[in-house]
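Please open the model in your viewer and keep a selection tool at hand. The tour below moves from one selection to the next and says what is found at each stop.

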Amino acid sequence: MEELGLSYTELSKINSGIIMVSISPFGQTGPFADYKATDMTVTALGLLMNQCGEPDRPPVRVGFPQSYVNAGADAAMAAMIAHRYRKLTGEGQHIDVSAMEGVMWAGSEVLPEFFVANINSCRVGMAFKRPNGLYTPVIWKCKDGYISFLLIAGTPGLKANKGLLELLKQEDIAPDYLINKVWEDWDWESTTQDEIESVVKPFAEYFKRHTKEEIFNETAKRGISCYPVTDAADIMAEPQLKARNFWIDVDHDELNTKIPYPGPFAVFSKTPIQQYRRAALIGEHNRDIYENELGFDADTIADLQASKVI
């Protein structure tokens with residue numbers, strides 16, 4: 001923008017109330033300011049990649065690019081703050097958003113552990129590593145895929161642990177040591193990894209016997225935070241999304257069919273977002289723009305096409 005003469009410094013001379021948001025991989029200052037970067041580069045440098053994957057294998061990127069999604073959300077929030085400031089003072093400002101700095105918040109638990117306890121945490125795969133070095137599963141295998149459940153000791157996990165124990169009892173797979181366990185006294189400071197495994201094993205057995213939907217329905221009845229790890233087929237059939245009319249069938253006349261599209265990111269009570277047509281095909285609206293909007297005649301358009309400008 002600066003090379004085009006459209007920097008914030010120049011624009012603010014014309015309009016002091018202008019708000020300009022710049023999103024870049026590393027921000028507008030510092031030794032990396034002029035570097036270009038893909039999402040993979042940003043997540044690697046921004047800590048997130050180091051937290052993804054199995055502990056005995058190299059780090060992996062998150063399946064869908066995250067850094068610029070986070071940066072976009074940061075930019076939108078920052079623009080609203082700047083807008084509020086402008087309403088109070090009449091002054092605009094330049095907002096400098098770094099995708100690297102934004103994505104670091106996705107791994108924000110790691111930094112306090114390093115600052116406070118000098119623990120340089122690394123990826124732990126489908127588990128959760130506690131500050132005292134104990135591992136507890138987060139992703140569990142079930143009959144038709146995986147579910148997410150965080151095993152918690154003590155009072156915070158009391159309801160979930162006792163609820164799961166009742167489900168085990170119903171199927172006569174609850175071992176005596178779990179039935180007799182004083183869950184109120186179970187805490188992370190005094191437990192061992194072996195004791196955790198003694199709880200994990202029967203819970204895992206129950207999950208393997210049931211589908212994602214069965215587990216979700218039974219645990220939800222008991223107020224247990226236990227959720228399916230959904231795939232594309234699951235999400236298309238998700239009753240929550242159907243109830244909110246999230247999916248929108250969009251005409252694709254070039255294919256002679258309708259294709260379901262994800263709906264708007266939020267539901268607005270006054271100004272609902274409407275998605276009424278597919279994205280344009282390459283060159284589909286060229287004539288509308290060049291003739292109707294820009295006023296080019298047929299000869300001019302033909303010259304541009306011959307020159308491969310359009």
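**Aromatic cluster and core**

Begin by selecting Trp140, Phe149, Tyr206 and Phe207, which form one aromatic cluster; rings of Phe, Tyr and Trp (its six-membered ring) pair if their centres lie within 6.5 Å. This is a predicted model, in which local features need pLDDT of at least 70 and side-chain atom pairs count only at pLDDT 80 or more, while totals for chains, interfaces and linings use all residues. Residues are numbered from 1 along each chain as its sequence is written, and side-chain values use heavy atoms, with hydrogens and water left out.

Keep Phe207 selected and show its surroundings: leaving aside neighbours within four places in sequence, Phe207 is in contact (heavy atoms within 4.5 Å) with Trp140, Lys141, Cys142, Lys143, Ile147, Phe149, Leu164, Ile215 and Cys226.

Next, widen the view to the largest nonpolar core, a term for a set of buried Ala, Val, Leu, Ile, Met, Phe, Trp, Tyr and Cys residues joined through side-chain atoms within 4.5 Å. Here buried means under 20% relative accessible area, exposed over 50%, and partly exposed in between, with a 1.4 Å probe and protein chains only. Of the 29 residues in this largest core, Phe149, Phe203 and Phe207 touch the most other members. Two or more residues each come from β5 (139–142), α6 (158–170) and α8 (193–208), where helices (H or I, at least four residues) and strands (E, at least two) are DSSP runs numbered from the N terminus. The element that gives the most to this core is α8, with seven residues. A second, separate core has 13 residues, among them Phe26, Cys52, Val97 and Ala99.

**The sheet beneath the helix**

Now colour the open sheet of three strands, whose order is β5-β6-β7 with antiparallel pairing; two strands pair if DSSP finds at least two bridges between them. β5 and β7 (227–228) are the edge strands, each pairing on one side only. Between β5 and β6 (residues 145–148) there are four bridges in the antiparallel sense, and the bridge partner of Ile139 in β6 is Ser148. Show α8 again, since this helix lies across β5 and β6 and runs at about 45° to β5; the axes are lines fitted to C-alpha atoms, for helices over the stretch in contact, and angles run from 0 to 180 degrees between N-to-C directions.

**Salt bridges**

Which side chain meets Glu195 in a salt bridge? Select Lys181, whose closest approach to Glu195 is 2.6 Å, N to O; a salt bridge is a side-chain nitrogen of Lys or Arg within 4 Å of a carboxyl oxygen of Asp or Glu. Glu195 lies in α8 and Lys181 in the loop between α7 (176–179) and α8, so the pair ties together parts that are 14 residues apart in sequence. Glu195 is partly exposed at 27% relative accessible area, whereas Lys181 is buried at 16%.

Move on to Asp234 and Lys212, another salt bridge, with the closest N and O atoms 2.6 Å apart. Asp234 is in α10 (residues 232–236) and Lys212 in α9 (residues 212–221), 22 residues apart. Lys212 is buried at 6% relative accessibility, while Asp234 is partly exposed at 26%.

Finally, select Asp253, Glu254, Arg278 and Glu284, which are linked in a network of salt bridges.

Definitions and conventions. Rings of Phe, Tyr and Trp (its six-membered ring) pair if their centres lie within 6.5 Å; planes under 30 degrees apart count as stacked, over 60 as edge-to-face and the rest as tilted.
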